[in-house]
Amino acid sequence: MGATIVVGVAGGIAAFKAVTVVRELERRGHRVIVVPTPASLAFVGRATWEAVSSAPVHTGVFDAGGANHVEIARMADLILVVPATADLLARVRAGRADDLLATTILAATCPVVLAPAMHSAMWGNAATRNNVEVLRERGLTLIEPASGALGSGDSGVGRLPEPEVIVDAAEGLLAHRHKTDASASGHDLAGTRVVITAGGTREPLDPVRFLGNRSSGRQGIALARRASARGATVTLIVANIEGSLLSEGGEIVEAPTAADMERAVGERLEDTDVLIMAAAVADFRPKVVAETKIKKDPRDESAPTIELERTPDILAGAASAPRRPRIVVGFGAETGTIDEVLARGRAKARRKGADLLAVNAVGRGRGFGDVENTLHLLDSAGGLVDVISGTKQQLADGLLSHVAGILRNMES
Ligand code: CTP
């Protein structure tokens, strides 16, 4: 069945390709409302949009006979911005409401897909990189621009992908969208004390070196934001997360090593209803931490051998503690076929004793990152409870809905 899709058009040279995107969406049976920014009309005029789309075209919040942004946002099953310029990304990131498109995005509760297109220098600029990171973290889907000839005559990354790629991504998101959107879940975690760990621990070797991992902490941050939006009192225990990602958050406790994290979690166990271990905690750490920098010996070519020891398993420890949180949730990344992933996940769920284990089947994505993330949720006996797909925010909401459901069952 066709969806109602708002196609936003920002003011870039690639705006002409949005005409093909609109036509293709309509050909596939969707209803399209085009919302161009005023600047984009210099590239493709209002008459074109009125000719190709099924609804009247407005650009400003106060247009004569004007469309109401809240009404448009409510009708939309999806908002797709083609092209999203650097300026549009900055405005959406800042929560601006200075034209009808920005205001509609601000008022929307449906998924938002942005297809950026700009000169590669603008795409690579630190301000744009940061805007992209924050928008993705908030759950918006950004399609990676393609590489090739740019409007300026240069060539590089920044080209709008082909219209079919954009339409496929939009339809993929509509199909995979999990039903538990934010507006449906309300304040179902009100009064619940939730501790979430995020990021990756770094285990020191000497004063300047460490053993670490690549966890960005995004899933844990998305969980903290959604739990807090759903009424929980949230403590986020973070290991080595880039400051900009933490711009909105409740109580934040820094725990850079496995030992710090064990302490920070342990101190809160008795006063916590729900513990979610989303952090990538090192399984091993150097047995001895050198007090001064380990130096090479200029007289020989030998390299030191570093002896490792196991770190405490914080998740298993919390799950078996005498005064444990009512719900303990763990994460596990597994590779292989789906049967292998589930078998390993089952074994891990039983071993750790967590009430829920969110198994991330890694390495199977089709490329649009946010669109294709999937979590298999297992119970403590290893039974499959749910399969959730979507952006990190949607995964967070799906997982939190199960947590809220278990809490409700415990209370009734
Ligand atoms: N975890 C923990 N303490 C550790 C290591 C991991 O609490 N010392 C938690 C993580 O936060 C995560 C889960 O346990 O919730 C991951 O389990 P782990 O056994 O480390 O899984 P992987 O590293 O994914 O897998 P492997 O079994 O391959 O080690």
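**Close-up views of a predicted model**

**Figure 1. Arginine 323 and glutamate 270 form a salt bridge between their side chains, with 3.3 Å from N to O.** Arginine 323 sits in the loop that joins helix H12 (314–319) to strand E16 (327–334), and glutamate 270 sits in the loop that joins helix H11 (258–268) to strand E13 (274–277), so the pair ties together parts 53 residues apart in sequence. Arginine 323 has a relative accessible area of 57% and is exposed. The model shown here and in the other views is predicted.

**Figure 2. Lysine 287 meets glutamate 307 in a salt bridge of 3.5 Å, taken from N to O.** Both residues belong to the loop between strand E14 (284–286) and strand E15 (308–310), so this pair ties together parts that are 20 residues apart in sequence. Lysine 287 is partly exposed, at 47% relative accessibility.

**Figure 3. A salt bridge joins the side chains of lysine 348 and glutamate 334 at 2.9 Å, N to O.** The lysine is part of helix H13 (residues 338–352) and the glutamate is part of strand E16, so the pair ties together parts that are 14 residues apart in sequence. Is lysine 348 buried or exposed? With 17% relative accessibility, lysine 348 counts as buried. Its partner, glutamate 334, has 10% relative accessibility and also counts as buried, because the cut-off for that label is under 20% relative accessible area.

**Figure 4. Five charged residues are linked in a network of salt bridges.** The members are Glu24, Arg27, Arg28, Asp168 and Glu171. Side chains of opposite charge can pair when their charged atoms come close. Over the whole structure, a search finds 30 salt bridges.

**Figure 5. Helix H4 (residues 86–94) has five named buried residues: Ala86, Leu88, Leu89, Arg91 and Val92.** Which elements cover these residues of H4? The cover includes three strands, E3 (78–84), E4 (112–116) and E5 (141–142). It also includes the helices H5 (100–107), H6 (120–124) and H7 (126–137). Glycine 95 follows H4 and has a positive phi, near 70°.

**Figure 6. The peptide bond from valine 82 to proline 83 is cis.** Its omega is near -10°. Proline 83 lies in strand E3, which is part of the cover over the buried residues of H4.

**Figure 7. Asparagine 240 has a positive phi of about 55°, although this residue is not a glycine.** Where is asparagine 240 placed? The residue is in the loop between strand E11 (233–239) and strand E12 (251–254). Asparagine 240 has a relative accessible area of 26% and is partly exposed.

**Figure 8. The whole protein, shown for orientation, contains 14 helices and 19 strands.** The C-alpha trace spans about 70 × 70 × 40 Å along its principal axes. A compact globule of 412 residues would have a radius of gyration near 22 Å, and the 24 Å of the protein agrees with this. Buried residues make up 49% of the 412 residues. Among contacts with a separation of 6 or more, 70% are between residues 24 or more positions apart. The accessible surface comes to about 18,900 Å², and carbon and sulfur atoms hold 51% of it. The protein has 46 positive and 49 negative charges, and the mean positions of the two sets are 1 Å apart.

Notes: Residues numbered from 1 in each chain as written. Predicted model: local features only at pLDDT ≥ 70, side-chain atom pairs only at ≥ 80, totals over all residues. Heavy atoms only, no water. Helix = DSSP H or I, 4+ residues; strand = E, 2+ residues; numbered from the N terminus. Rg over C-alpha atoms; globule rule 2.2 N^0.38 Å. Buried < 20%, exposed > 50% of the residue type's maximum accessible area, 1.4 Å probe, protein only. Contact = heavy atoms within 4.5 Å. Areas by Shrake-Rupley, 256 points an atom, 1.4 Å probe, with all protein chains shown as cover. Lys, Arg positive; Asp, Glu negative; His and termini not counted. Charge placed at Lys NZ, Arg CZ, Asp CG, Glu CD. Salt bridge = Lys/Arg side-chain N within 4 Å of Asp/Glu carboxyl O.
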